[in-house]
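Colleague: Can you walk me through this one? I have a few quick questions.

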Amino acid sequence: MKGLQIVVLGSIVPDPLQTLEPIAGPTGPALKNELMLPAVLDPWAGHALYEAASLAKKVEGKVYLVALGPKAKLQQVMMNVAQKVPFEIVVLDGPAGGFADATETAKALAGAVEKIPGLDKSKLLVFGGWQSASRGTGAVLQMVGEMLGITDQFQGVDELVLAEDGSFTVLERIEGGCYQKSACQGAPALLGWATGNLPEPPNNPQVGMQNMRLIMPALAKATPSPLKGEGLRYASVEVPSQRRDTRIVKDAPVDDIARELADWIRA
Amino acid sequence: MKVLFLAHSEADGSLGKAACEALTAAKGLGGELMVGLYGAEVQKAADQIAGCGAAKFYGVAGGEFATARYGSDASACEAMAKAAGADMIVMPSTSRASRVAAGVAQRLGAAVDTRLTGLEAADGKIVATRWFYRQRMLGKIERDARPWLVTVDSGCFAACEAAGSAAVEMLNVAPATRTTVTGVIAPAADAQTIRPDAKLLLVAGAGWGKTQPDGQKHLDDASSLILSLLAATQCSLGSSKSLVDQSGEGAALPFLTHMHQVGQTGSTPRHQKGLATCCHGEEPHVVGWRFIGERRAINLDAGCGWAQGKADVLYVADAFAVAKKLAELLK
Ligand SMILES: Cc1cc2nc3c(=O)[nH]c(=O)nc-3n(C[C@H](O)[C@H](O)[C@H](O)COP(=O)(O)OP(=O)(O)OC[C@H]3O[C@@H](n4cnc5c(N)ncnc54)[C@H](O)[C@@H]3O)c2cc1C
């Protein structure tokens, strides 16, 4: 199957190593110093992007990254992501945080996908992370799929194997460490990726330079996409206090520790 | 207010525990309760909850609906939700229900919130509780929109038990799909290390693969010690990202995959007890442990800042020595 169009939906999240604190913003909850926090590409969306690039290479396909997020932050993160794999970006300038409504996010993204010049749904695979590290609903992709009329959808995907004729098999995570295996006749389809199988690609400055040539103009003509959060109210958002009184056992003989643990496990 | 509880039956025709818990959440909303069930067969599942107080049972059944597949499951849920005309729709957060819930909401023009850990009706308002930023913050949400479709996490409500015999109105649904489910791949018998029903979660951290005080790495010992603890306790095995990544590169424990990873980009399993070994990071101790009741940790480093304040007990000791003795005691 030549000429696949792989559209990856993904945005940015605060670096997981940062301490996050909620505050009340003008339109609902937000993160303290949200625009100052270092950000990264949402990890599962990142896996989706690397899988997309690897697949595109095999089938002479093209990868688009459609990202809804604050433009300035997206630009920072793209300086790094652009060095990984070739893609063309479509930017929607709006909130990427965990408190934005999933349905409104999906509408904005689906609208942007529809507008990609030369989009051919018979060759379209929509990729993304099966959950974001911000809102974590796993809802956006499914809704985008519905809006685009794609009813062959897969979530928690760790493997996609494409055949010559464009059909493919896919492994989805299910309970108990198992995978469900499915066969699909081909595009259009939507896949929410878990970790996949590929390591993060090393930085390639040449790819970075090529990408940035398209990324800068795309950022300049980003579509403003404020999300209203209509009819959605947050009664409260808090970091639950969860400090435990830790008993520290030091200089105790191994046998005593093992016995204490065994009793505790058996209890 | 009309409330629809929507769930799939299991392979044996019964209703799973997570679904029975979601039913309790739906009942708790008050209002007129209806039930919608889909799967290869649904009568056994309906009978299991016949006395739950539902005014009506809908069903979609047949070979087409035996397995989790987006096209067929979404069509089944859509048909039952449309027949019920409910204001609130409650589904469990099983992997099968989760993969269609938002798509179904989109078909119904419904608002959607997933993975709730609380759902309450008070003073004519419905308040949903869920975690944000990978279980770091807890938020309470209200919505004006109806219908409102939600999925609730397992382990947050008591399972509803109400056996009897139910009259189910079966709906005919012709799913549109180009997908065939061809099977389930279970982990190899000797790698049976993820057990959602286990009482204990053992978290293995990168320390198992590090150079030890004798100046050597002891990966073979680490492997066999961890496996012997698993064999002795039938516990679930989780791991930090650092250790999983090393395993992928062939440098650490051969039986670890990303499926074991807990934390931001891993899972946040629910277990009664958790034992973290050789972990330093916030991820295994805070995010991965979010839904662990009693927590203990073993680390050589007394200053392990993440265990302090997060674990009930921190043993400052060599995990190799403790694990060896512990496995013997538990055999
Ligand atoms: C985008 C992103 C996403 C991430 N997602 C995750 C995630 O989902 N899950 C996750 O876990 N991490 C995640 N991380 C990584 C995370 O930040 C930490 O790097 C990681 O959790 C640290 O793993 P560790 O605690 O196992 O290892 P280390 O920090 O290396 O700690 C090893 C510990 O082992 C102890 N030790 C060594 N030998 C012994 C012994 N013999 N006995 C007892 N103790 C011993 C040491 O004292 C040390 O405390 C993520 C990072 C990024 C950037």
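Modeller: What follows covers the ligand site and one helix. This is a predicted model: local features need pLDDT of at least 70, side-chain atom pairs count only at pLDDT 80 or more, and totals for chains, interfaces and linings use all residues. Residues are numbered from 1 along each chain as its sequence is written, chains are lettered from A and ligands numbered from 1 in the order written, and side-chain values use heavy atoms, without hydrogens and water.

Colleague: Where does the ligand lie?

Modeller: Between chains A and B.

Colleague: Which residues come nearest?

Modeller: Of 29 residues around the ligand (a heavy atom within 4 Å), these come nearest: Ala206(B), Lys210(B), Ser240(B), Val262(B) and His280(B).

Colleague: What does Asp318(B) do with its polar side-chain atoms?

Modeller: One lies 2.8 Å from a ligand nitrogen. That is a polar contact (N or O atoms within 3.5 Å; within protein, one must be able to donate a hydrogen and the other to accept it, and sequence neighbours count only if both atoms are side-chain atoms). Asp318(B) also caps the N-terminal end of α8(B), with a side-chain oxygen 3.0 Å from the backbone nitrogen of Phe320(B).

Colleague: New topic. Which residues of α8(B) are buried?

Modeller: α8(B) is a helix (a DSSP run of H or I, at least four residues, numbered from the N terminus). Its buried residues (under 20% relative accessible area, 1.4 Å probe, protein chains only) are Ala319(B), Phe320(B), Val322(B), Ala323(B), Leu326(B), Ala327(B) and Leu330(B).

Colleague: Why are they on the same side of α8(B)?

Modeller: Because they cover an arc of only 160° around the axis (taken from the directions from the helix axis to the C-beta atoms).

Note on methods: Buried < 20%, exposed > 50% of the residue type's maximum accessible area, 1.4 Å probe, protein only. Helix = DSSP H or I, 4+ residues; strand = E, 2+ residues; numbered from the N terminus.
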